[in-house]
Amino acid sequence: MAEAVRYKPGQARKKPIRKPYSSAPSYVDFKDRQGDTENFTVKPASTTATTRATGNYPSASSASGPRASSTGSVAGTPSATARTEPAEGDKWDGFAGRYVPGERDLLFGNPDIIVRDWLSQGKYKGNDQMAGDMSRYANIFFGDDSHGGLYELLTGGSLNPKAIGDDDQINALVDLLGQQSKVGGRSPSVEKMLSLLFEGFSNKDSTMGGLLNAQGGDDATTGQAINAIMQYIPLLGEFTGNRRYSDAIYRQAQSTAQDYMDRQVKGENKGSVLDWFKQNFM
Amino acid sequence: MSYWDNPFWRPDNGYGGTNPTNPNQRQDWYNTPAVRDDPDNESALMGEWERFLTEQGFGGSGNRDMAMRNMLNRARSGFDAAQLSNPGVTWRKYLNTLEGGWAQNLAASLTPQQRGAFLPGQTRTIRWG
């Protein structure tokens, strides 16, 4: 624990005073972590090249939703990669190695299990308070049929089933829990997450890009495209420390989408929804 | 007014906080992203205020300490005003923008009644009932 600093009345605080209200949060930085040489990293698809037999398995419920699990395919669209069921004896790597691949859906539907197991390393088992606090990351990490996941966003939509296994996602969550629990740790900034969002949707081969190509081409309807983008918008505010700010971001996104639709029905739009967001959102 | 006059929160206590994966390593979570960047932390409002006052030397229960403590509403409205300029400013960051000496200047501008001080005329006779 850092040594406590004693302040006398009238003495300026030791911590330098930031220039007030001049800009968006500047203390968050995706990579440059003060006092921590380990960068906040989420393994992108490009870093893993092997297809995993223990990869993603669609849940019964997700098959009927707009997003088939977290695999990058959309219901009604033939998946480019045939999914494989877990073979007998398959194992996951890293922290995820303690779980059975065949119970993927149960685990992803109840990510609290991962948090509790992670905390139990420090004998926190049974500490509902701390598990509850840390679960806020887990509950938004994997996403579901109607909500994009933090993992997808932080990897720029690189949730390609050919390259990313479920164990990569689980291990990435554990990394995130560790980073968020470090003194002096930093969080990804809104700006960084926004650029990752645009990056993900611009990449047609990514999960997020696939959402804009729901019909197998560049012909996602305006409504589909807006819904796809909007499901990730709430995640932008998860690390701001300010719910009012994240709410403002969401309202701004709604307004941006509304403006696009208003123009669309009048035949005034010349670009895609994504282009409109890039130019007009924040 | 001492830094240590606050019986309700001690900066050097740590309150049993430990590293999540190493129970033998003490850890104050105040500057972890899990605490700092949580937009839904219900402890943030009063907790940051308590820590801020104490670190400024107003953690006790003297007249000036209590007068400063009563400035919470002003601080909150100041924070709201700041948020109109930058929606991204947090309560913690706003408090850090208050320059040293603000409390002393504020206390000096208050009347004794506002500070809650008893005037001599009031203290000579105490009526019970």
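**Exercise 1.** State what share of the 129 residues in chain B is buried, and set out the elements of this chain in order.

*Solution.* Buried residues (under 20% relative accessible area; exposed is over 50%, partly exposed in between, with a 1.4 Å probe and protein chains only) account for 48% of the 129 residues in chain B. The model is predicted: local features need pLDDT of at least 70 and side-chain atom pairs pLDDT 80 or more, whereas totals for chains, interfaces and linings use all residues, and side-chain values use heavy atoms, without hydrogens and water. Residues are numbered from 1 along each chain as its sequence is written, while chains are lettered from A and ligands numbered from 1 in the order of writing.

Next, count the elements, which are DSSP runs numbered from the N terminus (helices are H or I with at least four residues, strands E with at least two). Chain B holds 8 helices and 2 strands. Starting at the N terminus, their order is β-β-α-α-α-α-α-α-α-α.

Finally, consider contacts (heavy atoms within 4.5 Å). Of those in chain B between residues at least 6 apart in sequence, 47% link residues at least 24 apart.

**Exercise 2.** Carry out the corresponding description for chain A, giving its number of helices and strands and its buried share.

*Solution.* Chain A contains 10 helices and 0 strands. Its pattern along the sequence is accordingly written α-α-α-α-α-α-α-α-α-α. Of its 282 residues, 48% are buried. Among its contacts between residues at least 6 apart in sequence, 68% connect residues at least 24 apart.

**Exercise 3.** Describe how helix H2 of chain B packs against helix H4 of chain B.

*Solution.* Two packed helices are described by the angle between their axes and by the distance between those axes. Axes are lines fitted to C-alpha atoms, over the stretch in contact for helices, and angles run from 0 to 180 degrees between N-to-C directions.

H2(B) covers residues 44-55 and H4(B) residues 72-85; their axes lie 12 Å apart at an angle of about 115°. H2(B) is therefore roughly perpendicular to H4(B) (under 35 degrees is roughly parallel, over 145 roughly antiparallel, 65 to 115 roughly perpendicular, the rest oblique).

Which residues make the contact? From H2(B) come Leu45(B), Met46(B) and Trp49(B), and from H4(B) come Leu72(B), Ala75(B) and Arg76(B). By class, the contact of H2(B) with H4(B) comprises 5 nonpolar, no polar and 1 charged (nonpolar: Ala, Val, Leu, Ile, Met, Phe, Trp, Tyr, Cys and Pro; charged: Asp, Glu, Lys and Arg; polar: the others, including Gly).

**Exercise 4.** Classify two helix pairs of chain A, H2(A) with H5(A) and H6(A) with H10(A), by angle and by contact residues.

*Solution.* Begin with H2(A), residues 112-120, and H5(A), residues 166-180: they pack at about 55°, with axes 11 Å apart. At that angle H2(A) is oblique to H5(A). In the contact, Ile114(A), Val115(A) and Trp118(A) of H2(A) meet Ile170(A), Leu173(A), Val174(A), Leu177(A) and Gly178(A) of H5(A). The contact of H2(A) with H5(A) has 7 nonpolar residues, 1 polar residue and no charged residues.

Turn next to H6(A), residues 190-202, and H10(A), residues 273-280, whose axes come within 11 Å and cross at roughly 160°. These two helices, H6(A) and H10(A), are therefore roughly antiparallel to each other. Phe198(A), Phe201(A) and Ser202(A) of H6(A) meet Leu274(A), Phe277(A) and Lys278(A) of H10(A). Here the residues of the contact of H6(A) with H10(A) divide into 4 nonpolar, 1 polar and 1 charged.

**Exercise 5.** Locate Ala96(A), Arg51(B) and Tyr15(B), and describe the surroundings or backbone of each.

*Solution.* Ala96(A) stands in the segment before helix H1 (104-109) of chain A. Its relative accessibility is 0%, so Ala96(A) counts as buried. Beyond neighbours within four places in sequence, Ala96(A) touches Asp167(A), Ile170(A) and Asn171(A). Ala96(A) and Asn171(A) are separated by 75 residues in sequence, yet by 6.1 Å from C-alpha to C-alpha.

Arg51(B) belongs to helix H2 of chain B. Because its relative accessibility is 17%, Arg51(B) counts as buried. Neighbours within four places in sequence aside, Arg51(B) is in contact with Trp9(B), Asp28(B) and Tyr30(B).

Tyr15(B) precedes strand E1 (18-19) of chain B. With 47% relative accessibility, Tyr15(B) counts as partly exposed. Most residues other than glycine have a negative phi. Tyr15(B), although not a glycine, has a positive phi of about 50°.
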